[in-house]
Amino acid sequence: CRHRNLGLAGRMPEVLKAGHSAGFGFERVHRVSFETAAAGLGNVVAADFHPAYLVYDPWIHLQCSEQLARGHFGLVPGEKASPSSSILYPLLLMPLAGTSLPQWQPALWNLAALVAVLLLWLRLFERHVLENDGARTLSAALLSLAAIIFTNTLWLAFTGMEHVLQIAATLAVAIGLLEVQRQGGARWLLLAGLVLGPWLRIENFSITLPALVFLAWRGYWRLALLGLLGSVGGVLVHGWISVANGLPFLGGPLLLKGWLDDFARAPLATLRWEIEYLARSLRAGRPDIGSLVLAAPLAATAFWHACRRDATSAGLSLIALASLLGQFILGCTVRPGRHEIYAQCFALAARAHALREPLQAVVRGMGAWPTTIAAALLLAAIFPANVVWTATMPWAAQDIWRQQWQMRRFLLEQVRSPAAVNDLGLV
């Protein structure tokens with residue numbers, strides 16, 4: 001919901017003004033529904049050709065990018081701030097900043113990232129999981145579609161945030177590690193994932209750092225050094241700019257999104273609180289237990305493949321375990337649906353590679369479609385919250401649109417002055 005008078009970049013969609021006289025008659029103005037736009041656009045509900053995202057965060061990114069394009073580090077002129085949860089994402093939104101079309105950039109980036117994630121899953125299954133299977137193309141395509149649906153990647157794109165780009169960087173690391181060791185190629189893919197992951201979300205260091213250690217242990221010192229310099233260097237530059245502007249080194253959202261600040265001050269007490277909170281949430285049926293289900297067998301898998309001297313599978317399993325534990329300690333595991341998906345995707349990729357021989361046997365015995373259905377049911381059992389997301393997200397966009405309309409109506413009729421309104425309606 002964007003309006004110049006509220007200090008948010010852009011212009012209020014005219015469709016909301018039209019809806020003002022129609023009350024809740026959004027069926028008249030919501031020309032293209034969320035569910036029909038899903039397959040074609042990937043992350044936008046089109047209402048009179050204006051995008052509506054599922055969270056308010058993309059508008060913060062857009063406002064930040066507009067101010068960056070004007071040479072200001074903040075949200076509003078004259079006030080320094082570091083409001084973004086990503087170092088790189090506001091920079092990606094700068095090309096159209098200040099024009100009449102900036103609101104489409106999150107949609108376009110997420111659509112491109114969604115295609116990239118699908119292609120990366122396809123590459124993983126074709127080259128590294130079903131490599132010896134005659135029907136691998138169809139099986140890989142079906143399994144890739146199941147992966148993006150049941151890991152919530154598809155619906156993450158509708159938020160307009162940087163999470164799908166983060167998942168693409170994560171899968172690039174997993175595939176790059178496999179291909180560098182097998183044939184010495186795809187170094188650019190691995191290096192891009194190692195460097196861009198932490199730039200997109202700081203918690204991707206839970207994958208980048210263990211992967212760098214693994215590369216150094218396997219003798220790829222130059223690649224490991226380049227990945228370290230690139231990933232850490234970008235964060236240091238951003239931190240230097242933040243400190244020079246009188247702001248925290250990592251920025252507010254990067255600390256507040258998880259328990260990083262609390263963990264730095266009191267690690268044992270914070271970890272105990274997290275475990276207790278997670279236990280209460282599990283009893284209440286709140287969080288997705290997918291991370292715990294995936295983490296449980298990873299240590300055994302790493303040990304098994306280490307005994308078989310399969311260093312690649314053992315290394316991937318250990319990196320996946322480190323990412324799940326790192327996300328649990330420093331991230332937002334108890335708020336399922338967004339922040340932990342990247343670690344779950346890496347863990348799924350590691351498990352798929354570790355179980356490649358049994359999976360090939362299943363595909364040969366059952367065929368592509370039965371195998372995919374069985375895999376989908378298994379993923380639905382591992383990620384029950386994602387099934388709920390898949391079923392409810394189309395209607396959530398319509399609810400967000402109505403909510404934004406009501407907030408605008410309240411401001412125009414009651415407040416009648418510049419104000420800031422958050423996604424919960426707090427003025």
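Colleague: Where does Asn152 lie, in terms of the loop and the helices around it?
Modeller: Bear in mind that this is a predicted model. Helix α7 covers 136-150 and helix α8 covers 153-156. Asn152 falls in the loop between α7 and α8.

Colleague: What is the phi of Asn152?
Modeller: Asn152 is a residue other than glycine, yet its phi is positive. The value is near 70°.

Colleague: Is Asn152 buried or exposed?
Modeller: The cut-off for buried is under 20% relative accessible area. Asn152 has 1% relative accessibility, so Asn152 counts as buried.

Colleague: Which residues make the nonpolar surface patch?
Modeller: The patch has an area of about 360 Å². Its members are Leu209, Leu225, Leu228 and Leu229.

Colleague: Which helix gives the most to the nonpolar patch?
Modeller: The top contributor spans residues 221-244. It supplies three residues to the patch. Leu229 is found in this helix too. The helix is α12.

Colleague: Is Leu229 buried or exposed?
Modeller: Exposed requires over 50% relative accessible area. Leu229 has 55%, so Leu229 is exposed.

Colleague: How many aromatic pairs does the structure hold?
Modeller: One of them is formed by Phe214 and Trp217. The count for the structure is three.

Colleague: What is the geometry of the Phe214 and Trp217 pair: stacked, edge-to-face or tilted?
Modeller: The ring centres are 6.0 Å apart. The planes make an angle of 50°. Stacked needs under 30 degrees and edge-to-face over 60, so this angle fits neither class. The pair is tilted.

Colleague: Why are Phe214 and Trp217 separated by about one helical turn?
Modeller: Both residues sit in helix α11, residues 205-217. The separation is about one turn because they are three residues apart in helix α11.

Colleague: Which residue of the tilted pair counts as exposed?
Modeller: Phe214 has 8% relative accessibility and counts as buried. At 60%, the other partner is over the 50% cut-off, so it counts as exposed. That residue is Trp217.

Colleague: Which residue lies over the face of Trp217?
Modeller: The distance to the ring centre is 5.8 Å. The residue over the face is Arg218.

Colleague: How many disulfides does the structure hold?
Modeller: Cys64 is buried at 6% relative accessibility. Cys345 is buried at 0%. For disulfides, the structure's count is zero.

Colleague: How far apart are the C-alpha atoms of Ile60 and Ser85?
Modeller: Ile60 lies in helix α4, residues 57-69. Ile60 is partly exposed, with 21% relative accessible area. Along the chain, Ile60 and Ser85 are 25 residues apart. Their C-alpha atoms are separated by 9.7 Å.

Colleague: How many salt bridges does a search of the whole structure find?
Modeller: Side chains of opposite charge can pair when their charged atoms come close. Among the bridges is the one between Glu66 and Arg70, with its closest N and O atoms 3.0 Å apart. The search finds six.

Colleague: Which residue of the Glu66 and Arg70 salt bridge counts as buried?
Modeller: Arg70 has 53% relative accessibility and counts as exposed. Its partner is at 4%, under the 20% cut-off, so it counts as buried. That partner is Glu66.

Colleague: What is the N to O distance in the salt bridge of Arg127 and Glu179?
Modeller: The side chains of Arg127 and Glu179 meet in this bridge at 3.5 Å, N to O. The pair links distant parts of the chain: Arg127 in helix α6 (residues 105-129) and Glu179 in helix α9 (residues 163-183), 52 residues apart. Arg127 is partly exposed at 42%, whereas Glu179 is buried at 1%. To restate the N to O distance, it is 3.5 Å.

Colleague: Which residues are linked with Arg123 in a network of salt bridges?
Modeller: The network includes Arg123. Linked with it are Arg127 and Glu179.

Colleague: How many residues apart are Glu162 and Arg201?
Modeller: The side chains of Glu162 and Arg201 meet in a salt bridge at 2.6 Å, N to O. Glu162 is in the loop between α8 and α9, and Arg201 in the loop between α10 (187-200) and α11. Both are buried: Glu162 at 0% and Arg201 at 1%. The pair links distant parts of the chain, and the number of residues apart is 39.

Conventions:
Residues numbered from 1 in each chain as written. Predicted model: local features only at pLDDT ≥ 70, side-chain atom pairs only at ≥ 80, totals over all residues. Heavy atoms only, no water. Patch = residues over 30% accessible without salt bridge, like charges linked within 9 Å, V, L, I, M, F, W, Y side chains within 5 Å. Areas by Shrake-Rupley, 256 points an atom, 1.4 Å probe, with all protein chains shown as cover. Salt bridge = Lys/Arg side-chain N within 4 Å of Asp/Glu carboxyl O. Helix = DSSP H or I, 4+ residues; strand = E, 2+ residues; numbered from the N terminus. Buried < 20%, exposed > 50% of the residue type's maximum accessible area, 1.4 Å probe, protein only. Phe/Tyr/Trp six-rings, centres within 6.5 Å; stacked < 30°, edge-to-face > 60°. Lys NZ or Arg CZ within 6 Å of the ring centre and 35° of its normal. Disulfide = S-S within 2.5 Å.
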